[in-house]
Amino acid sequence: MPFSLIPDQVFDRYTRITPQFLRERGVRLLLCDLDYTLAPRSVSRPDGELRRWLEECRAAGVTVAILSNNRSTRRVEAFCGELGISYVGHAGKPAVRGYHQAMDRAGIGPAHTAMLGDKLLTDVLGAKRSGVLALMVEPLGGPVGAWNRVLHGLQRPFKWAAKRRR
């Protein structure tokens, strides 16, 4: 199965992804990473901006679900519970199992699904392997810790290539 590590599109933050953008691409299911994509890891509860964005997506007929590798389901459960959205925890990204599980639950196939995340080797690679649109954002709160700074530094050429393709 051929694939590329270049995201289909890169945004500075999740709010730049509009319902119109998703509709134009036929996206009816938007899978999202949680930590650093929709909220910094240090933020335990969804804020008003995220709630408004999710409502705009819902109103446009786009289902949003969380696909997380988070080791503790407690954070993901609480966050998603407050938002009233489903999630797949311990998703094992970049393995396709979690992507397929989320798509099966929603009854929506890869042609109408996108993945939004901040990491190339989990979110984007898993999206590409699953045949879904790969959307990438800069990490909310910035990359935290030496390892995340290295990972995000290594992602720069791939993000640059995605921006250049547009």
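A crossover is right-handed if, with the strands pointing away from the viewer, the path from the first strand over the helix to the second runs clockwise. The legends below describe a predicted model.

**View 1. A right-handed β-α-β unit built from β2, α2 and β3.** Strand β2 covers residues 29-32. Helix α2 covers residues 48-59. Strand β3 follows at residues 63-67. β2 and β3 run parallel, and four bridges join them. One pairing to look for is Leu 29, whose bridge partner in β3 is Thr 63.

**View 2. The crossover from β3 to β4.** The partner strand here is β4, residues 87-88. It pairs with β3 in the parallel sense, over two bridges. Leu 67 has Val 88 as its bridge partner in β4. Between the two strands the chain passes through helix α3, residues 73-83. This β-α-β crossover is also right-handed, as is the unit of β2, α2 and β3.

**View 3. Strand β3 and its surroundings.** β3 pairs with β2 and with β4. Four of its five residues are buried, so the strand is largely enclosed by the rest of the structure.

**View 4. Asn 70 in the loop between β3 and α3.** Asn 70 has a relative accessibility of 8%, so it counts as buried; the cut-off is under 20%. Its side chain makes a polar contact with the side chain of Asp 35. The distance is 2.9 Å.

**View 5. A salt-bridge network of Asp 33, Lys 93 and Asp 123.** Lys 93 takes part in both pairs shown here. In one, Asp 33 forms a salt bridge with Lys 93, with the closest N and O atoms 3.0 Å apart. This pair links distant parts of the chain. Asp 33 sits in the loop between β2 and α2, while Lys 93 sits in the loop between β4 and α4 (97-106). They are 60 residues apart. In the other pair, the side chains of Lys 93 and Asp 123 meet at 2.7 Å, N to O. Asp 123 belongs to helix α5 (residues 120-130) and Lys 93 to the loop between β4 and α4, so this salt bridge ties together parts that are 30 residues apart in sequence.

**View 6. Burial of the network residues.** Asp 33 has a relative accessible area of 9% and is buried. Lys 93 is buried too, with a relative accessible area of 6%. Asp 123 is likewise buried.

**View 7. The salt bridge of Glu 24 and Arg 25.** The closest N and O atoms of this pair are 3.5 Å apart. Glu 24 counts as exposed, at 54% relative accessibility. Arg 25 is partly exposed, with a relative accessible area of 37%. The model's count comes to 13 salt bridges, judged by a side-chain nitrogen of Lys or Arg within 4 Å of a carboxyl oxygen of Asp or Glu.

**View 8. A nonpolar surface patch made by Trp 147, Val 150 and Leu 154.** The patch measures about 360 Å². Leu 154 is found in helix α6, which covers residues 146-165. At 57% relative accessibility, Leu 154 counts as exposed.

Methods:
Residues numbered from 1 in each chain as written. Predicted model: local features only at pLDDT ≥ 70, side-chain atom pairs only at ≥ 80, totals over all residues. Heavy atoms only, no water. Buried < 20%, exposed > 50% of the residue type's maximum accessible area, 1.4 Å probe, protein only. Pairing = 2+ DSSP bridges. Patch = residues over 30% accessible without salt bridge, like charges linked within 9 Å, V, L, I, M, F, W, Y side chains within 5 Å. Areas by Shrake-Rupley, 256 points an atom, 1.4 Å probe, with all protein chains shown as cover. Polar contact = N/O pair within 3.5 Å; in protein donor to acceptor, adjacent residues only side chain to side chain.
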